[in-house]
Amino acid sequence: MGNKRSRPVTTDGAGEGEPTLHNLLVKFVEDEGKGLSMEGLEEMAILLQSALSACIKAKERKAAWLCRVCLDSEVRVVLKPCRHACLCEECSNQLVACPICRIKVTGREKFILS
Ligand SMILES: [Zn+2]
Ligand SMILES: [Zn+2]
C-alpha cells in the first residue's frame, strides 16, 4: 500500500561524524523497508546492543587517553626515560617528574594518535 514509513531525519548536527544509534536505526528501517516484524525487532535489538557497547568502549578508550594532570586535553607526549604517555603537551612542559612513576623527566617526545 506504499505506506513507507519515513522517519524525520533531522540533521541538527548532533553526534556528527559518528555512526549514532539514530543513524543505525534509520538505516536499518530503510534497508528492511517493510515495517518491523518481530524478527526485525529482535535483529534491531541485537544491532542496538552491539552499537551501544561499541559506543561505551569508544568512550572508555577516549577517557583513557586524557591527560592525567589537566584531565582535559588528549595525551600527546611520551616522557623519557620512563616512556609513560600520560600528559598533554602543555602539562608535560610544566612537570619535571613523571606523575605516574615520579622519575625525573629528561626528555619529551610528541606522538600522534591515528
Ligand atoms: Zn594536560
Ligand atoms: Zn613514568
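1. In this note a residue counts as buried if 20 or more other C-beta atoms lie within 10 Å of its own, as exposed if 12 or fewer do, and as partly exposed in between. P99 has 16 other C-beta atoms within 10 Å, so P99 is partly exposed. The structure under discussion is a predicted model, and the points below should be read with that in mind.

2. Overall make-up. The protein chain contains three helices and three strands. Read from the N terminus, their order is α-α-β-β-α-β. Of the 114 residues, 11% count as buried. Among the contacts between residues at least 6 apart in sequence, 31% join residues at least 24 apart.

3. The annotated region. The UniProt record, an unreviewed entry, places the feature "domain: RING-type" at residues 67-102. Over these residues the chain is 17% helix and 19% strand. The C-alpha atoms at the two ends of the region are 16 Å apart.

4. Helix 2. This helix covers residues 38-64, which makes 27 residues. From first C-alpha to last it reaches 39 Å, close to the 39 Å expected at 1.5 Å a residue. The number of buried residues among the 27 is zero, so helix 2 lies largely in the open.

5. The sheet. The three strands form an open sheet in the order 2-1-3, with antiparallel pairing. Strand 2 and strand 3 are the edge strands, each pairing on one side only. From one strand to the next the twist averages 50 degrees. Two bridges hold the antiparallel pair of strand 1 and strand 2, whereas four bridges join strand 1 to strand 3, also antiparallel.

6. Partners along strand 1. On the side of strand 2, V77 stands opposite L87 and V78 stands opposite A85. In strand 3, the bridge partner of V78 is E109. V78 therefore has a partner in strand 2 as well as one in strand 3, in keeping with the strand order 2-1-3.

7. The two faces of strand 1. In a regular strand the side chains alternate between the two faces of the sheet. Strand 1 shows such an alternation: V77 and L79 point to one face and are buried, while V78 and K80 point to the other and are not.

8. The nonpolar core. Which residues make up the largest nonpolar core? It has 10 residues, namely C67, V75, V77, L79, C86, L87, C88, C91, C98 and V105. The elements that give two or more residues to this core are strand 1 (77-80) and strand 2 (85-87). In soluble globular proteins, nonpolar side chains tend to be buried together. V75, one of the core residues, touches W65, L66, C67, A85, C86, L87 and C88, leaving out residues up to four places away in sequence.

9. The hairpin. Strand 1 and strand 2 form a hairpin with four residues between them. The loop between these strands holds P81, and the peptide bond from K80 to P81 is cis, with omega near 5 degrees. In the turn, R83 has a positive phi of about 70 degrees. Most residues other than glycine have a negative phi, and most peptide bonds are trans. A reader inspecting the backbone may wish to look at this turn for both features.

10. Positive phi elsewhere. L71 lies in the loop between helix 2 and strand 1, and its phi is near 50 degrees, a positive value in a residue other than glycine. With 10 other C-beta atoms within 10 Å, L71 is exposed. R102 is found in the loop between helix 3 and strand 3, and its phi, near 65 degrees, is likewise positive in a residue other than glycine. R102 is exposed, having 9 other C-beta atoms within 10 Å.

11. The surroundings of P99. Where does P99 lie? Its place is the loop between helix 3 (89-94) and strand 3 (107-110). Apart from neighbours within four places in sequence, P99 is in contact with R68, V69 and C86. Of these, C86 is a member of the largest nonpolar core. P99 and L87 are 12 residues apart in sequence, and their C-alpha atoms are 8.8 Å apart in space.

Key
Residues numbered from 1 in each chain as written. Chains lettered and ligands numbered in written order. Predicted model: local features only at pLDDT ≥ 70, side-chain atom pairs only at ≥ 80, totals over all residues. UniProt positions renumbered as here; feature names shortened; annotations may be inferred. Core = buried A, V, L, I, M, F, W, Y, C linked by C-beta atoms within 7 Å. Contact = placed C-beta atoms within 7 Å. Expected span 1.5 Å × (residues − 1). Pairing = 2+ DSSP bridges. Axes fitted to C-alpha atoms, helices over the stretch in contact; angles between N-to-C directions.
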